[in-house]
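Hi there,

Here is the structure I promised to pass on to you. Please have a look at it first, and then read my notes below.

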Amino acid sequence: MEFIEAPSPNFEPRKGPPDMIVLHYTGMRTGEEALARLRDPQAKVSSHYMVEEDGRVFRLVPEERRAWHAGRSFWKGETDINGVSVGVEIVNPGHEFGYRPFPDAQVAAVIALVADIRTRWSVDDSRIVGHADVAPDRKEDPGELFPWKRLAEAGHGLWVEPPAAPGAPLGEGEEGAGVFALQAGLTRLGYDCAPSGRFDEHTAAVIRAFQRHWRQERVDGIADGETRARLIGLLRAAA
Ligand SMILES: [Zn+2]
């Protein structure tokens with residue numbers, strides 16, 4: 001794996017080895033602009049790597065150090081996601097500046113990078129996630145155009161093929177055992193979604209994050225039969 005060294009001063013020590021990978025998009029107009037910000041001491045943000053649209057990979061922070069990419073976040077009970085993860089920024093203007101498909105060369109580089117990171121650290125498939133997965137109320141990246149399926153086909157991350165899935169959709173405002181079971185499943189997968197039995201605004205945000213990752217054809221915050229069937233399939237795959 002070839003890297004372009006572009007050190008960022010924005011890091012600190014970590015307490016232990018990383019066991020998660022968090023993927024982002026940069027959400028800025030250009031890669032140069034994003035790279036400058038990730039290296040700006042004033043900005044106080046960084047990531048371990050940034051992958052350009054042409055497939056070049058910049059190394060900003062050593063993996064042994066804690067970079068500042070995830071902010072307030074949660075996965076499987078862990079709230080210090082920066083402390084336990086390797087952060088990868090993928091250049092894309094994002095939903096704010098013109099979200100567009102990730103080019104082939106860029107996706108190939110991300111796949112190679114994830115494979116490379118996993119040769120050094122023990123990272124389970126269920127711990128390769130997007131920023132939106134760990135911060136669903138605040139973040140949308142890397143979003144519904146990121147080819148999680150292709151990453152999974154290369155051997156990295158969880159995926160499940162669309163199962164036949166009847167069943168009434170669950171949406172905001174609904175209450176009951178079905179909502180409780182849905183929230184329990186989302187929590188088991190890793191999301192911050194403590195079961196209450198009430199389908200509130202936060203639950204809808206978690207469903208949107210789930211859909212951006214695992215049900216990309218439909219990002220609407222409504223847990224239709226297929227969304228729920230995919231969740232069950234993923235829990236089986238993760239078990
Ligand atoms: Zn992000």
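Helices (H or I, at least four residues) and strands (E, at least two) are DSSP runs, numbered from the N terminus. With that in hand, Proline 142 can be placed in the loop between H5 and helix H6 (148-153). Please keep in mind that this is a predicted model.

Proline 142 is worth a look for its backbone: the peptide bond that leads to it from aspartate 141 is cis, with omega near 0°. Aspartate 141 also turns up at the metal, where it is one of the protein donors of the zinc ion.

Which atoms are the protein donors of the zinc ion? They are ND1 of His24, ND1 of His131 and OD of Asp141, lying 2.1 Å from the ion. Along the sequence, the spacing of these donor residues reads H-x106-H-x9-D. Histidine 24 belongs to strand E3 (residues 20-25) and histidine 131 to helix H5 (residues 131-134), so this pair ties together parts that are 107 residues apart in sequence.

Are the two histidines buried or exposed? Histidine 24 has a relative accessible area of 1% and is buried. Histidine 131 is buried too, with a relative accessible area of 4%; the cut-off for buried is under 20% relative accessible area.

Next, two lysines with backbone angles to check. Lysine 44 has a positive phi of about 55°, although it is not a glycine. Its loop runs between helix H1 (31-38) and strand E4 (49-51), and at a relative accessible area of 57% lysine 44 is exposed. Lysine 76 also has a positive phi without being a glycine, here near 50°. You will find lysine 76 in the loop between strand E6 (65-67) and helix H2 (81-84), where it is partly exposed, with a relative accessible area of 38%.

Finally, the surface. Which residues form a negative surface patch? Asp137, Glu172, Asp192 and Glu201 do. Of these, I looked further at aspartate 192, which sits in the loop between helix H7 (177-189) and helix H8 (201-214). Aspartate 192 counts as partly exposed because its relative accessibility is 34%, and partly exposed covers the range between the buried limit of under 20% and the exposed limit of over 50%.

If you open the model, the zinc ion with His24, His131 and Asp141 is a good place to start, followed by the cis peptide bond from aspartate 141 to proline 142.

Best wishes

Notes: Residues numbered from 1 in each chain as written. Predicted model: local features only at pLDDT ≥ 70, side-chain atom pairs only at ≥ 80, totals over all residues. Heavy atoms only, no water. Patch = residues over 30% accessible without salt bridge, like charges linked within 9 Å, V, L, I, M, F, W, Y side chains within 5 Å. Areas by Shrake-Rupley, 256 points an atom, 1.4 Å probe, with all protein chains shown as cover. Salt bridge = Lys/Arg side-chain N within 4 Å of Asp/Glu carboxyl O. Lys, Arg positive; Asp, Glu negative; His and termini not counted. Charge placed at Lys NZ, Arg CZ, Asp CG, Glu CD. Buried < 20%, exposed > 50% of the residue type's maximum accessible area, 1.4 Å probe, protein only. Donors = N, O, S within 2.8 Å, 3.2 Å for Na, K, Ca; no water.
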